[in-house]
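Q: Please take a close look at a single part of this model, the place where its two chains meet, and work through it in one connected account. I would like each term to come with its cut-offs.

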Amino acid sequence: MRRLAPHHREALVQTHLLGRPYDEVAAELSIPVGTLRSRVFYAMRALRSAMDEMGVSL
Amino acid sequence: VSADDEAAHRGLRELLGSYALGHLSPADDDRLRAHLDGCPGCRAQLDELAPLADRLGLVDARAFGDVPVPPPTLGEDVRRAVTRARAERDADELARRRAAAAGQRRRRWVGTLTAASVVLVALIGGAMIGRATAPDPGRVPLEAISMEVGTDEDVTVESADLVDHTWGVELRIVALGFDAGETFRAEFRTTDGRLVPAGEFRGVGTRTMTCFLQSATMREDVTQVLVTDESGDTVMFSDL
């Protein structure tokens with residue numbers, strides 16, 4: 001997680017780890033909900049790449 | 001594939017993360033599932049992302065709860081600040097030119113008087129600037145050390161510090177109670193066990209004494225600070 005870009009990590013932390021509603025998080029970050037969903041997607045892709053690089057099997 | 005189709009496809013693909021984490025509304029969920037049926041590329045992406053959901057479930061949110069997020073207006077704030085600073089600088093420049101022009105006019109009338117004033121102001125200003133910018137030899141990084149005074153000694157240490165100079169080490173002691181008139185010797189013990197002299201001082205009895213004692217030994221080589229009296233007895237010491 002620490003290898004992710006701050007805005008990607010923030011998207012995952014707020015929406016998934018803290019379980020906050022997308023509209024609330026998006027408003028706080030002053031971005032559209034669609035952008036937040038997109039950040040979650042790219043954060044997960046980056047996370048997958050990082051785990052592959054680290055040799056973590058899923 | 002048209003540009004609209006491409007944008008629509010990208011929009012659906014970017015839902016895959018939220019879908020894999022179970023965040024989508026039922027309507028979006030159905031929409032994406034219908035898309036997945038006909039899109040092998042998105043299905044492959046989903047296969048890669050889906051296993052992360054379980055892993056993320058094991059992550060402790062508290063470890064990342066304080067992720068610093070720059071305020072959304074940061075960029076705009078910086079731009080405004082730069083614009084404001086630039087405007088102020090331009091205004092200052094204009095004012096400076098006007099003042100210079102006005103000064104030139106005045107000098108025609110009071111040339112001699114102004115010259116005398118400038119010399120006076122320069123002298124005072126120079127002295128003030130010199131005083132303000134002169135290096136303060138007293139401000140050096142001090143390393144406080146704890147001096148242990150021998151049991152039968154009547155010495156009180158108010159402060160003891162080492163100064164790590166480029167040319168050696170210095171011991172600064174503020175203390176009282178050294179027998180008046182008696183000579184005391186300060187030494188540094190080095191890593192190889194030698195005692196290196198740092199200087200001597202004369203006791204002034206109950207008056208507080210400030211003493212700077214120096215040696216060419218480097219700070220990193222000093223393992224002990226020692227002060228002895230004329231008969232060689234230890235008055236105080238500090239193991240470093």
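A: Helices (H or I, at least four residues) and strands (E, at least two) are DSSP runs, numbered from the N terminus. By that rule chain A has three helices and zero strands, and its elements run α-α-α from the N terminus on, whereas chain B comes to six helices and nine strands. This is a predicted model, in which local features need pLDDT of at least 70 and side-chain atom pairs count only at pLDDT 80 or more, while totals for chains, interfaces and linings use all residues. Residues are numbered from 1 along each chain as its sequence is written, chains are lettered from A and ligands numbered from 1 in the order in which they are written, and side-chain values use heavy atoms, with hydrogens and water left out.

The place where the chains meet draws 27 residues from chain A and 26 residues from chain B into contact (heavy atoms within 4.5 Å). About 2500 Å² is buried between chain A and chain B, and carbon and sulfur atoms give 68% of that area; buried area here is the accessible area (1.4 Å probe) that the two parts lose on being put together, summed over both. On the side of chain A, the residues that lose the most area to chain B are A:H16, A:F41 and A:M44, which together account for 25% of what that side buries.

Between chain A and chain B the count is one salt bridge (a side-chain nitrogen of Lys or Arg within 4 Å of a carboxyl oxygen of Asp or Glu). That salt bridge pairs the side chain of A:R37 with the side chain of B:D28, at 3.3 Å from N to O. The side of chain A that touches chain B receives at least two residues from each of α1 (6–17), α2 (22–29) and α3 (33–53) of chain A, and α3(A) supplies the largest share of that side, ten residues. Sorted by class, that side of chain A holds 16 nonpolar, five polar and six charged residues, where Ala, Val, Leu, Ile, Met, Phe, Trp, Tyr, Cys and Pro count as nonpolar, Asp, Glu, Lys and Arg as charged, and the others, Gly among them, as polar.

Among the helices on this side, α1(A) deserves a closer reading. Nine of its twelve residues are buried (under 20% relative accessible area), so α1(A) is largely enclosed by the rest of the structure. The buried residues of α1(A) are A:H8, A:R9, A:E10, A:A11, A:L12, A:V13, A:Q14, A:T15 and A:L17. Their cover comes from both chains, since it includes α2 and α3 of chain A as well as α4 (40–56) of chain B. One residue of this helix can serve as an example: A:H8, which lies in α1 of chain A, has a relative accessible area of 15% and therefore counts as buried. Leaving out residues up to four places away in sequence, A:H8 touches A:R39, A:Y42 and A:A43. After α1(A) comes A:G19, whose phi is positive, near 65°.

The packing can also be followed through the largest nonpolar core (buried Ala, Val, Leu, Ile, Met, Phe, Trp, Tyr and Cys residues joined through side-chain atoms within 4.5 Å), which has 36 residues. The members that touch the most other members are A:M1, A:L12, A:L36, A:M44, A:L47, B:L16 and B:L32. At least two residues of this core come from each of α1, α2 and α3 of chain A and from each of α2 (16–20), α3 (26–38) and α4 of chain B, and α3(A) again gives the largest share, here seven residues. A:L47 touches residues of both chains, namely A:M1, A:L4, A:L12, B:L52 and B:L56, when residues up to four places away in sequence are not counted. Another core, of 23 residues, lies apart from this one, and B:V169, B:I173, B:L213 and B:V225 are among its members.

Taken chain by chain, 47% of the 58 residues of chain A count as buried, as do 31% of the 240 residues in chain B. Of the contacts in chain A with a separation of 6 or more, 41% involve residues 24 or more positions apart, and in chain B, among contacts between residues at least 6 apart in sequence, 52% join residues at least 24 apart.

How values were computed
Buried < 20%, exposed > 50% of the residue type's maximum accessible area, 1.4 Å probe, protein only.
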